[in-house]
Structure formats: C-alpha cells, structure tokens
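Please examine the sequence and the model below. The paragraphs that follow lead through the structure step by step.

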Amino acid sequence: MILVSVGTQLPFDRLIQAVDSWAEANARTDVVGQIGPSRYTPRAMRCFPFIEHRQFYELQKQCTLMVSHAGMGSLIGAMELGKPIIILARDHRRGEHRNGHQLATLGQFRNFPGVYAANDEQHVKELLDRSHELTAAPSLDPKASTEFIERLAAYVEDTAPARLRLADRWRKRRGAGGAV
C-alpha cells in the first residue's frame, strides 16, 4: 500500500493530483491519501481529509511507501518506521504555504538515505514508477540518547543568558523549599 499525506493545515492539490493521475494510469487500487482540505477530488485514490493519529500511525506501519509534502512529521515518521518516502515541497510562491521552509527541508534531505526528493509533479510520477526499487534508511530510534540530552542541556546552560540561569537556580531553590 502507498500512503500519501499532505499534513493538516493547507491543501496541496498539486501533489494529490500527481499521485492520483499516476494511480489511475497504473490501475493502482492500493493508494490511500490523507488529503487535508483539498479542492481536488481524487478518482483513483481512497482518500480522507483527515485521519485520526492512531489510525494514521497504523497506516504508516502497513504501507510499503510514503508520499508526502516536505513536512518534518512525515519525514520523521517514515524514518522511525523504516519506510521509504517521496517528498515534494509545498511552494510558497504558488500559495501552497506561508514561507519557503519546505523548499529548504527538501534541499537538506535531498541526499538522505530513504528520502526521495521530487523536483516537481512529473518527478513524483517517475519515482512512483520505480517504487519497487526505493529503499528505506535504517529505522531511527524515536527516543533521544542520554548522551544527546546531556550535551543539549549543557549547551543550553552554557549559552543561556546569565539572567535566565540565575532565575532558573532561584526557581529550583524555591521549589526545593530553600531560602532565597
């Protein structure tokens, strides 16, 4: 099964139309889409405007490939579950988003194992034609390591302005019943 997701905030008809036309041309009946507030009505895909989180997670586990906007939630979900993912960035210049952060995300993940960055709708279809060849990166651990958390905490402590560190120490002493 191929799972398509555009997130929940804005329509992304350009991606939905590309996948739907590919599914129709290839007689695919195993394409499921979470299409958000789309203005386009798919003909070949089984679609839902929104899917409850638990049900969406089950679909993610069942799918063999994900196709998505360049949203971090979709990317991280695919990587945690060890699923290959095709991404197409929403283009703020086309009114598909408020700014260009998805174009930046696409650029950052372009060469990441298991992530297939599409340049446009035609490229999405070309990648779908090769879907049997697409492989996932090794699964990510959904929890941060203790070493990472400790290093992050040290960085925050070292770079936080002195007045914030002082206020934090004051709160800790008050919470522990200590005098100020």
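What volume does the largest pocket have? In this predicted model, the volume of the largest pocket is about 360 Å³. The pocket is lined by 17 residues, and those that lie nearest its centre are Ser5, His53, Phe56, Gln60 and Gly73. Two elements, α2 (53-62) and α3 (72-81), give two or more residues to this lining. The largest share comes from α3, which contributes five residues. Rolling a probe the size of a water molecule over the atoms shows where empty space is left.

The pocket may now be placed within the overall fold. The protein chain contains seven helices and six strands. Read from the N terminus on, its elements follow the order β-α-β-β-α-β-α-β-α-β-α-α-α. Of the 180 residues in the protein chain, 39% are buried. Among contacts between residues at least 6 apart in sequence, 56% join residues at least 24 apart.

The six strands form an open sheet in the order β3-β2-β1-β4-β5-β6, and their pairing is parallel. At the edges stand β3 (46-48) and β6 (115-117), each of which pairs on one side only. From one strand to the next, the twist averages 20°.

Strand β4 deserves a closer look. Four bridges join β4 (residues 65-69) to β1 (residues 2-5), and the two strands run parallel. Within this pairing, Ile2 stands opposite Leu65, and Ser5, one of the residues that lie nearest the centre of the largest pocket, stands opposite Ser68. Four bridges also join β4 to β5, again with the strands running parallel. Here Ser68 stands opposite Ile87. Ser68 of β4 thus has Ser5 opposite it in one pairing and Ile87 of β5 opposite it in the other. Five of the five residues of β4 are buried, and the strand is therefore largely enclosed by the rest of the structure.

The nonpolar interior comes next. The largest nonpolar core has 23 residues, and the members that touch the most others are Val19, Val67, Ile86 and Leu128. At least two residues of this core are supplied by each of β1, α1 (13-25), β4, β5 (85-88) and α5 (121-129). The largest share, five residues, comes from α1. Leu128 illustrates the contacts involved: when residues up to four places away in sequence are not counted, Leu128 touches Ile2, Val19, Trp22, Leu65, Val67 and Ile86. Apart from the largest core lies another, of 18 residues, which includes Met66, Ala78, Ile87 and Ala117.

Ala78 links several of these themes. Its place is in helix α3, the element that gives the largest share of the pocket lining. Because its relative accessibility is 0%, Ala78 counts as buried. With its neighbours within four places in sequence left aside, Ala78 is in contact with Gln60, Met66, Lys83 and Ile85. Of these, Met66 is also among the members of the core of 18 residues, while Gln60 is one of the residues that lie nearest the centre of the largest pocket. Ala78 and Gln60 are 18 residues apart along the chain, and their C-alpha atoms are separated by 7.5 Å.

Technical notes
Residues are numbered from 1 along each chain as its sequence is written. This is a predicted model: local features need pLDDT of at least 70, side-chain atom pairs count only at pLDDT 80 or more; totals for chains, interfaces and linings use all residues. Side-chain values use heavy atoms; hydrogens and water are left out. Two strands pair if DSSP finds at least two bridges between them. Axes are lines fitted to C-alpha atoms, for helices over the stretch in contact, and angles run from 0 to 180 degrees between N-to-C directions. A nonpolar core is a set of buried Ala, Val, Leu, Ile, Met, Phe, Trp, Tyr and Cys residues joined through side-chain atoms within 4.5 Å. Buried means under 20% relative accessible area, exposed over 50%, partly exposed in between (1.4 Å probe, protein chains only). Contact means heavy atoms within 4.5 Å. On a 1 Å grid over the protein atoms alone, a cavity is a set of points where a 1.4 Å probe fits but cannot get out, and a pocket is an open set with protein on both sides within 12 Å along at least five of seven lines; lining residues have an atom within 4 Å of a point. Grid points are joined across faces, edges and corners, and a volume is the space filled by probe spheres set on the points.
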